[in-house]
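Ready for a few short exercises? Please have the sequence and the 3D view open, and try each task before you read its solution.

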Amino acid sequence: MTERQADLPERLELARGRIQEMNREDLQSEISKGIPAEISESLTAYFHAVCDYACFCFSVIDRLGERTFREEGVQVSDWSGISMEEWKEMNRRLYAPLADGAYERDFSNPDRACGLGTYGEVLSFLLAEIYCFPRYIFEGKLFMIVTLLELFLEVAGKFFQEEAPVEAQIRQAVAYYAEDYAEEIVAIRTEDCYVPKKNSTYQILMEEDLSDLRYLFKYGEYISDTELKMASFMQTLSEEEIDSMAETFTRGFRRGFVTMQVPFEGKKSVMLQYPIGQERMVRQVVLRFRDMGLEPILAREPGSRLNRRGVVRRGVISTQPSRQFTYDHRMDEALFLTRRFMERKLAAQRAALEGIPEELAGFAGPALIETFGEETFDPEAKDSCIRLSDEQRKLSTELFSLQGQQSEKYLPGSSYSFAIIAYPIPEIGERFEEIFRDTVRLNTLENEVYLPLQQKLIDAMDPADYISVEGCGENRTRMKVKMRKLERPDKETQFENCVADVNIPLGEVFTSPVLDGTEGVLHVSGVYLNGYYFRDLELEFRDGIVTGYRCGNYEDEEAGKRYIEENILFQHTTLPIGEFAIGTNVPAYRMAKKYDILGKLPILIVEKTGPHFAVGDTCYSHAEDTAVYNPDGKEIISRENRFSELRFTEPEKAYFNCHTDITIPYEEIGRIAAVYADGSSADLIRDGRFVLPGTEELNAAFDAE
């Protein structure tokens, strides 16, 4: 605990008193006379809204008791006297400003905040940060609550002076807050991610009675019908089913160390990320990891924009009360992103990592359980949202690049493994239980069946000069993917034969193509990427680099381009192709068509249901120098491209810190062929079917009932 954290309880009580004093009926009369009447009226409504919300949060703290802010977090088992209805009502009120359509009328909505005049952007951001209070309360993060309350009071105080504040003063207060507290906030997040501890999340997962669904509300996250139905469904599964799911996941994680040739000796922890509602299975996962000698690290999704990146969600998470809210605030860091802040954040990250050398040495990697099935979501493009300037876009990409380099220094990517798996949520529809069980079957397909079939594809592509990919019907894809020349074809290969180890389910062969000579148009009618749906997506490439892009999500073409820039290019002006792959998991494709859920599948599964291209870093990012071999003993030599080759001379240009797979479904593929230097070719897929001799067995699932 730092010196600035020592007097937090007293500072909380002081802030509480000032907020309760501010929350009075005659508040508007105290606002500076230099502010126009209509804005003064909106400011009064804003301050009352914030004070009302804060006061309810104070009542929750009182209801839960002082134990909330003990060093180890919340002692959730002490709350058995709170009924299910009380929990539901408490949770409803904590998220009432955002859920059930209320966000449209809330000041955290940039459109509504426009009524606050030039102050709107900052005040909307501040309220969005305050809406993280529920998770801070239940995690015991008093520091985050107190510093945000103090920032709010500092900003609010400027409106009650004789002279009306100028916008720059308000923005400056936020910038100073970000710079001043970067060290503590980054340190808190770093410890959350790499240090095992029996915090409130651990207590819920490992000590609560999971048959009593009140446990869900003890996270302090938004709990919807999705979490309640999922937790209820998990109770219906047999011990054998639960154990089988946990075994599939943990076995894949452990197998990754063998596949990636990473030493397992000395590993002591695993970062476990999961959706709230699946605790019954996740508890068994923890027990299996313990059998390997690994303790769980259970980190929540970061709340503060100081630690978040765009709309990416990682950690122990629940359904979002408003996806539009998350999207609208995706670039709030524009309020404080300066070179000075970047330097403070990098210094804070470095200090935090240097402080936990033993924990980093024992870190075995992340193990992610994802979900799919949410309704497709086209976010509204709002001119009122905060946006990064051109200079800040460059600064943002530089920051994430330097953070990646710094992280690699203290925690090399070659020193740990990972695993990722996904399951549907009840929101996917009435046939949820059928889809769930079919997904479990997908996740347990046998490696031994797919290895030789995928090897046939690899054998045909390894000697190729390039791979030709053509769409059919309305699909406009015409791609030429340049291959390397193998110097020792008996010992080398270009493609990884990927089965079910770290990346579950099985079913793809992939490579990092040569960029020079890779060109064409990639088009897909619809695809779900990074949590958002893209309609009629098209990317153009020359020498492996994105040169143009468009989508049909918005009538305004420029709005569509911004949508791609923010959610596929991640603020970069362009990205290279980092991967070309052919997915072979036809059962996954058949399941998607059977239930009409292809547009709802996560990248993890959909990438196995057809050929796909990834833009960004290669699959071997930061691990290019580690030899990787296929089961047949051949070394996979296609581990980098002309960008990653700069890692020793110009490291700031080597990596992009993103990797997004874009899959073309089988039904939109007219032809994929390996084209050889002499002009001959071998068809791999034609009219959506595998036609290469020896691979026809992959088509069986197309015709299965």
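Below are worked exercises on helix packing, salt bridges, buried residues and backbone geometry.

This is a predicted model, in which local features need pLDDT of at least 70 and side-chain atom pairs count only at pLDDT 80 or more, while totals for chains, interfaces and linings use all residues. Residues are numbered from 1 along each chain as its sequence is written, and side-chain values use heavy atoms, leaving out hydrogens and water.

**Exercise 1. Two helices that cross**

Task: Describe how α10 and α17 pack, and say which residues meet.

Solution. Start by locating the elements: α10 covers residues 225-236 and α17 covers residues 432-443. Helices here are DSSP runs of H or I with at least four residues, strands are runs of E with at least two, and both are numbered from the N terminus.

Next, take the geometry. The two helices pack at an angle of about 60°, and their axes are 12 Å apart. That makes α10 oblique to α17. As for the terms, axes are lines fitted to C-alpha atoms, for helices over the stretch in contact, and angles run from 0 to 180 degrees between N-to-C directions. Angles under 35 degrees count as roughly parallel, over 145 as roughly antiparallel, 65 to 115 as roughly perpendicular, and the rest as oblique.

Then look at the handedness: α10 and α17 cross in a right-handed way. A crossing is right-handed if the near helix is turned clockwise from the far one by less than a right angle, and left-handed if anticlockwise.

Finally, list the partners. From α10, Met230, Phe233 and Met234 meet Phe432, Glu433, Phe436 and Arg437 of α17, where contact means heavy atoms within 4.5 Å. Sorted by class, this contact has five nonpolar, no polar and two charged residues. The nonpolar class is Ala, Val, Leu, Ile, Met, Phe, Trp, Tyr, Cys and Pro, the charged class is Asp, Glu, Lys and Arg, and the others, Gly among them, are polar.

**Exercise 2. Salt bridges along the chain**

Task: Find the partner of Glu150 and the partner of Arg330, and say whether each of these four residues is buried or partly exposed.

Solution. First, the rule: a salt bridge is a side-chain nitrogen of Lys or Arg within 4 Å of a carboxyl oxygen of Asp or Glu. The count by this rule is 56 salt bridges.

Now the first pair. Glu150 bridges to Arg11, with the closest N and O atoms 2.8 Å apart. This links distant parts of the chain, 139 residues apart: Glu150 sits in α7 (residues 142-157) and Arg11 in α1 (residues 8-22). Glu150 has a relative accessible area of 26%, so it is partly exposed, whereas Arg11, at 14%, is buried. Buried means under 20% relative accessible area, exposed over 50%, and partly exposed in between, using a 1.4 Å probe and protein chains only.

On to the second pair. Arg330 meets Glu566 at 2.5 Å, N to O. Arg330 lies in the loop between α13 (323-328) and α14 (339-354), and Glu566 in α19 (residues 557-567), 236 residues apart. Arg330 is buried at 5% relative accessible area, and Glu566 is buried at 9%.

One step further, you can look for a network: Arg135, Glu221, Arg300, Glu301, Arg308 and Arg313 are linked by salt bridges.

**Exercise 3. Two buried residues**

Task: Place Gln454 and Ile428, and list what each contacts beyond four places in sequence.

Solution. Begin with Gln454, which belongs to α18 (residues 447-461). Its relative accessibility is 0%, so Gln454 counts as buried. Beyond its neighbours within four places in sequence, Gln454 contacts Asn497, Cys498, Val499, Gly507, Glu508, Val509 and Thr584.

Continue with Ile428, in the loop between β4 (419-424) and α17. Ile428 is buried, at 8% relative accessible area. With the sequence neighbours left aside in the same way, Ile428 touches Phe372, Gly373, Ile435, Ile597 and Lys600. Ile428 and Phe372 are 56 residues apart in sequence, and their C-alpha atoms are 7.6 Å apart.

**Exercise 4. Backbone geometry in loops**

Task: What is the peptide bond from Ile504 to Pro505, cis or trans, and what is phi of His622?

Solution. Check omega: it is near 10° from Ile504 to Pro505, and the bond is cis. Pro505 is in the loop between β8 (496-498) and β9 (508-511).

Then check phi: for His622 it is near 70°, a positive value in a residue other than glycine. His622 lies in the loop between β14 (611-616) and β15 (635-636), and at 19% relative accessibility it counts as buried.
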